[in-house]
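Biologist: I have the chain and the model open side by side. Can we work through them by question and answer?

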Amino acid sequence: MPSLKNYPPSHKATADSAKKLRKIAILAGDGIGPEVMTEAKKVLAAVSEKFKIEFELKESLVGGAAIDSFGEALPAETLKICEESDAILFGSVGGEKWNSLPPEKRPEVGALLPLRKHFDLFANIRPAGVLPMLKNSSPLKPSIIGDGFAFTVVRELTGDVYFGEKKSEKDFASDLMIYHRNEVQRIARVAFELARNSRQKVTNVDKANVLATSQFWRSIVEEIHEKEFPEIELDHLYIDNATMQILVRPNDFDIVLAGNLFGDILSDEAAQISGSIGLQASASINGINSRDISGIKRMGLFEPMGGSAPNIAGKGIANPIAQIRCVGMMLEMSFEEGDATSAIENAILKTLENGLRTADIFTGSAGEQKVSTAEMGDSIVKNILA
Ligand code: NAD
């Protein structure tokens with residue numbers, strides 16, 4: 001995972017903040033959600049013990065499980081718990097059982113979209129990369145992977161064609177692609193701030209050769225760059241070229257900035273070339289520092305990139321690493337506990353170096369040992385505490 005150390009830079013941990021109670025809403029959801037969340041909670045307990053951080057965990061139903069009990073995917077009680085928390089640790093939602101519901105009532109749309117909207121979680125951050133011992137799990141050739149790659153996709157999450165006016169008539173349909181100045185400014189700042197703590201480079205992805213929205217977007221990214229982050233390297237790629245360049249030279253990327261639609265495409269491509277979806281975590285946040293948050297509580301929602309994986313749910317074989325990495329991202333991005341994040345990431349590396357593999361990353365090579373969800377979690381906990 002690319003280093004997010006000391007993110008955001010304006011919030012340094014102090015003796016006082018180290019003692020502060022960290023309130024976390026735990027929304028495990030459906031399918032493998034509760035199984036992998038169990039391991040994430042074990043990791044939180046280990047971090048609490050090792051780093052003397054006090055956590056208050058409040059669990060609540062979300063998604064299909066909430067529909068079954070309360071008739072809606074995001075019950076008022078769940079939202080209240082989120083509002084009273086400093087961060088949301090989210091599992092995954094959805095499953096066959098709820099697929100016949102109208103789209104807006106289904107677990108995914110009925111829970112995640114309102115949460116993003118309610119807390120204005122406009123920045124989606126998805127680290128991508130191949131761990132040295134898991135190079136075989138990437139579909140990319142070893143010659144392209146080289147020593148391994150690590151880049152982060154920063155996707156704008158609350159604007160663009162997804163939220164513009166929609167029309168559907170008998171002979172035409174349209175979706176308005178629209179961005180406002182402040183929406184581009186704030187996501188650009190997130191990308192540049194992340195680059196400051198990484199390898200000092202932002203690649204902006206758009207379609208400025210064709211779209212007025214992209215020309216506007218690009219001009220604002222350049223303005224923010226020039227005025228506020230001139231020390232960061234900035235380059236631009238058109239989305240069609242970007243999808244190719246990421247496949248042939250992934251090592252050249254650090255922070256990849258894109259709007260909602262193009263970021264959607266790029267972040268799935270990035271997850272795929274990183275190996276198993278069971279390894280990939282993501283964060284959705286509503287601010288990089290106080291200047292971006294006008295009256296809205298700072299909030300982060302941390303969730304694995306994969307879904308509820310109904311095909312393996314209940315078997316105890318899901319990979320808990322994505323959910324555990326969500327804990328790492330939360331500790332760093334919401335609580336400025338970067339040392340705890342590093343300890344988690346190192347414990348994951350150690351566990352994988354020791355050969356432990358859940359089914360999704362098991363190749364049968366010498367030295368590998370196939371383990372369950374719980375065994376993987378236990379080993380990571382042991383390595384955190386070692
Ligand atoms: P999925 O990500 O759940 O599964 C795709 C494949 O990846 C499956 O083979 C699954 O077994 C595997 N996989 C996913 N997570 C894994 C893990 N931790 N360990 C090992 N293997 C893992 O995608 P899908 O099958 O298209 O969707 C299943 C359900 O999840 C659907 O209802 C979908 O709408 C929902 N979904 C929810 C979210 C979310 O909650 N944010 C995201 C995507 C999909």
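Biologist: How far is a backbone N or O atom of Gly307 from an oxygen atom of the ligand?

Modeller: The model is predicted, so local features need pLDDT of at least 70, side-chain atom pairs count only at pLDDT 80 or more, and totals for chains, interfaces and linings use all residues. Residues are numbered from 1 along each chain as its sequence is written, and side-chain values use heavy atoms, with hydrogens and water left out. A polar contact is a pair of N or O atoms within 3.5 Å; within protein, one must be able to donate a hydrogen and the other to accept it, and residues adjacent in sequence count only if both atoms are side-chain atoms. For the backbone atom of Gly307 and the ligand oxygen, the distance is 2.7 Å.

Biologist: Which residue has a polar backbone atom 2.9 Å from a nitrogen atom of the ligand?

Modeller: Val93 also has a polar backbone atom at 2.9 Å, but its partner is an oxygen atom of the ligand. The residue facing the ligand nitrogen is Asn319.

Biologist: How much of the ligand's accessible area does the protein cover?

Modeller: Accessible areas come from the Shrake-Rupley method with a 1.4 Å probe; for residues, only the protein chains shown count as cover. On its own, the ligand has 800 Å² of accessible area, and the part covered by the protein is 66%.

Biologist: How many charged residues are in the shell around the ligand?

Modeller: A residue is near a molecule or strand if one of its heavy atoms lies within 4 Å of it. There are 20 residues around the ligand, and Val93, Glu108, Gly307, Ala309 and Asn311 come nearest. Ala, Val, Leu, Ile, Met, Phe, Trp, Tyr, Cys and Pro count as nonpolar, Asp, Glu, Lys and Arg as charged, and the others, Gly among them, as polar. The shell has eight nonpolar residues, nine polar ones, and a number of charged ones that is three.

Biologist: What is phi of Ala309 near?

Modeller: Most residues other than glycine have a negative phi. Ala309 sits in the loop between β12 (300–304) and α11 (321–333). Helices (H or I, at least four residues) and strands (E, at least two) are DSSP runs, numbered from the N terminus. Phi of Ala309 is positive, near 40 degrees.

Biologist: Is Glu336 buried or exposed?

Modeller: Glu336 lies in the loop between α11 and α12 (338–353), and its phi is positive too, near 55 degrees. Buried means under 20% relative accessible area, exposed over 50%, and partly exposed in between (1.4 Å probe, protein chains only). Because its relative accessibility is 18%, Glu336 counts as buried.

Biologist: Which side chain does the side chain of Arg186 join in a polar contact?

Modeller: Arg186 is in helix α7 (residues 181–196). Arg186 has a relative accessible area of 13%, so this residue is buried. At 2.8 Å, its side chain makes a polar contact with that of Asp120.

Biologist: How many of the 16 residues of α7 are buried?

Modeller: The expected span of a helix is 1.5 Å times one less than its number of residues. For α7 that gives 22 Å, which agrees with the 23 Å between its end C-alpha atoms. The helix is largely enclosed by the rest of the structure, because its count of buried residues is 13.

Biologist: What separates the C-alpha atoms of Thr158 and Leu121?

Modeller: Thr158 is in the loop between β5 and β6 (166–168). Its relative accessibility is 17%, so Thr158 is buried. Contact means heavy atoms within 4.5 Å, and beyond four places in sequence the contacts of Thr158 include Asp120, Leu121 and Arg186. Thr158 and Leu121 are 37 residues apart along the chain, yet their C-alpha atoms are separated by 7.2 Å.

Biologist: Which residue with a positive phi follows α10?

Modeller: Helix α10 (residues 260–273) has 14 residues and reaches 20 Å between its end C-alpha atoms, close to the expected 20 Å. Its buried residues include Phe262, Leu266 and Ile273. The buried residues of α10 pack against several elements, among them β4 (123–129), α8 (212–228) and β10 (255–258). After the helix, with phi near 110 degrees, comes Gly275.
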